[in-house]
Amino acid sequence: MADSATTEDILLETPLAGLHRELGARMVPFAGYSMPVQYPLGILSEHNWTRDSAGLFDVSHMGQAYLVGPDHATTARALEALTPGDFLALAPGRVRYTLLTTPEGGIIDDLMVTRSADPSEDGTLYLVVNAGRKAIDYAHIAANLPEGVQLEIAGQLALIALQGPKAAEVLARHCPDSAAMGFMTAIRTTIDGIDCHISRSGYTGEDGYEISVVEDHAEPLARALLAEPEVEPIGLGARDSLRLEAGLCLYGHDIDEATSPVEADLGFALAKRRRAEGGFPGAERIQGELADGPAQLRVGIKPEGRAPAREGAEIRDAAGRQIGIVTSGGFGPTAGGPIAMGYVAAEHAAPGTPVTLVVRGKDLAATVVPMPFVPHRYFRKQA
Amino acid sequence: MTVYFTKDHEWVRLEGDSALIGITDYAQSQLGDVVYVELPEVGKTFAKGDEAAVVESVKAASDVYAPVSGLVIAVNSKLPDSPSTINDAPESDGWFIRLTLTEPSELEGLLDEAAYRAFVETL
């Protein structure tokens, strides 16, 4: 057996690091932090638990910041100069997924943006960015803001995700306000008397919440939720298999500064008005790809048999020519077999196209399939 | 019946003229849930240290090295359909391959059970 790599680097810890160790987590370096990759339950069981009940994830390594301006229109325009999202039309209490783009139309990061429901906070947008990108994002945003708009990094906040079909029922016991929230909405409220900011969102394909809380209160809050019989702590290992099954991109793997939002099949993050008006970094490339189609496209891939194809596996066409590369791959516990996503030349992107994956030098038959691999179960309020 | 171990967490159990090869309980606990196993073909020969099999957990693929040189005379055909056997019974039902040893003297360089368990304690 080959030993896994170890690192001597000094790693940051989240406010829940002590709790993770107490719960028997195996800690690994991730994006500069020591993070739980799995608990004694194991990745497969943690994955299945989240799909069947409710999983608690520590995502405190992610970056939380505020974009603060004098009024909503000013702050929204400042963010629109950096992203292809429509923030002028973002209603109070709503959350949007967006992308910081490069002048060449690549992706600096993907992030969540919330407009506060509180009129006294009008002019402030709350941002959640990827752990491994926060320094780059913050420098980029701060360097490109107009007069009167500032980036304020939230230093003392933890972030906890509660995900799964029983998340709403569990959270409502501690926070009755949370039950009526729709998908991609946010409120300030209390959980067991602890002040929190809650959004009904997540990155597992399941219904659930992300809870931002002052770090001193993170552990009591996590313990209160973990005391519920429906809730188990879930590590990064299962988070990765859950998001892969949900067809969601992982920054640095499925998207990066070379891939465009159109290639990445993230067209939903390109707001209708912005597609027409442009005026965001990379608009020329992105509008061109929207009009003419991109050269390559992110697709779902299902290998035949049981062998997983991992990141980096070459994708070939029937004639043996390389047409792309796997960017995320592994075993999908809910899908019941190996699954992967990757980029292929556009003419091979139609679902049903047979492809060959090269895994450890051997050809593995596979098929381009629609994503997600497991249907999303986000909470949609009835009209 | 004699069992030998490597510091790479493989075991070799002598049974008459042949030996079973597998990974240790410590190895499976480090791997986590095993979801796929790739076994060599019967008739293949390995030198000590060659990649003999691949075991994949949810997270990653790991190579299993031949702890001794030999000729593959059988593989555990149940593993591809039930890879979790490696988690459940790594040092018995979860064996990978049966080898005829071509260099039996290589066993002298391996650890006995007590030395291996003591080694794991230091990790």
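These are my notebook entries on a predicted model with chains A and B.

**Entry 1: where the chains meet**

I began with the interface, and I found that 27 residues of chain B are in contact with 19 residues of chain A. I then looked up the area buried between chain B and chain A, which is about 1900 Å², with carbon and sulfur atoms giving 49% of it. I noted that Val35(B), Val58(B) and Lys59(B) supply 32% of the area that chain B buries against chain A, more than any other three residues. I kept a reminder here that the size of an interface is often given as the accessible area lost when the parts come together.

Next I turned to the charged and polar pairs, and I recorded four salt bridges across the interface of chain B and chain A. I looked at a salt bridge between the side chains of Glu38(B) and Arg360(A), where the distance from N to O is 2.9 Å. I also wrote down 11 residue pairs in polar contact across the interface of chain B and chain A, with both residues at pLDDT 80 or more.

I asked which elements of chain B supply at least two residues each of the side that touches chain A, and I listed α1 (25–31), β4 (34–38), β6 (51–57) and β7 (61–65). The largest share, five residues, comes from β7(B). When I sorted the residues of this side of chain B by class, I got 14 nonpolar, six polar and seven charged.

**Entry 2: a salt bridge within chain A**

I looked up the salt bridges over all chains, and the structure holds 31 of them. I picked out the one in which the side chains of Arg133(A) and Glu257(A) meet, at 2.8 Å from N to O. This pair links distant parts of the chain, 124 residues apart, with Arg133(A) in the loop between β7 (124–129) and α4 (134–143) of chain A, and Glu257(A) in the loop between α7 (236–245) and α8 (272–277) of chain A.

**Entry 3: the second largest pocket**

I found that about 540 Å³ of space lies in the second largest pocket. Its lining has 26 residues, and Ala246(A), Gly247(A), Leu248(A), Phe268(A) and His376(A) lie nearest the centre of the pocket. I noted that β14 (296–303) and β19 (362–369) of chain A each supply at least two residues of this lining, and that the largest share, four residues, comes from β14(A). By class, I wrote down 20 nonpolar, four polar and two charged residues for this lining.

**Entry 4: cavities**

I searched the whole structure for cavities of 30 Å³ or more, and the result was two. The largest cavity has a volume of about 90 Å³, and among the residues that line it I noted Tyr126(A), His197(A) and Glu210(A). I sorted the lining of the largest cavity into five nonpolar, five polar and one charged.

The second largest cavity holds about 40 Å³ of space, and its lining includes Pro36(A), Phe57(A) and Arg239(A). I saw that β3 (54–58) and α7 of chain A give two or more residues each to this lining.

**Entry 5: the backbone**

I reminded myself that most residues other than glycine have a negative phi, and most peptide bonds are trans. I then recorded that Met184(A), although not a glycine, has a positive phi of about 65°, and that Met184(A) lies in the loop between α5 (167–174) and β10 (186–191) of chain A. Last, I noted that the peptide bond from Met371(A) to Pro372(A) is cis, with omega near 0°, and that Pro372(A) is found in the segment after β19 of chain A.

Notes. Residues are numbered from 1 along each chain as its sequence is written. Chains are lettered from A and ligands numbered from 1 in the order in which they are written. This is a predicted model: local features need pLDDT of at least 70, side-chain atom pairs count only at pLDDT 80 or more; totals for chains, interfaces and linings use all residues. Side-chain values use heavy atoms; hydrogens and water are left out. Contact means heavy atoms within 4.5 Å. Buried area is the accessible area (1.4 Å probe) that two parts lose on being put together, summed over both. A polar contact is a pair of N or O atoms within 3.5 Å; within protein, one must be able to donate a hydrogen and the other to accept it, and residues adjacent in sequence count only if both atoms are side-chain atoms. Ala, Val, Leu, Ile, Met, Phe, Trp, Tyr, Cys and Pro count as nonpolar, Asp, Glu, Lys and Arg as charged, and the others, Gly among them, as polar. On a 1 Å grid over the protein atoms alone, a cavity is a set of points where a 1.4 Å probe fits but cannot get out, and a pocket is an open set with protein on both sides within 12 Å along at least five of seven lines; lining residues have an atom within 4 Å of a point. Grid points are joined across faces, edges and corners, and a volume is the space filled by probe spheres set on the points.
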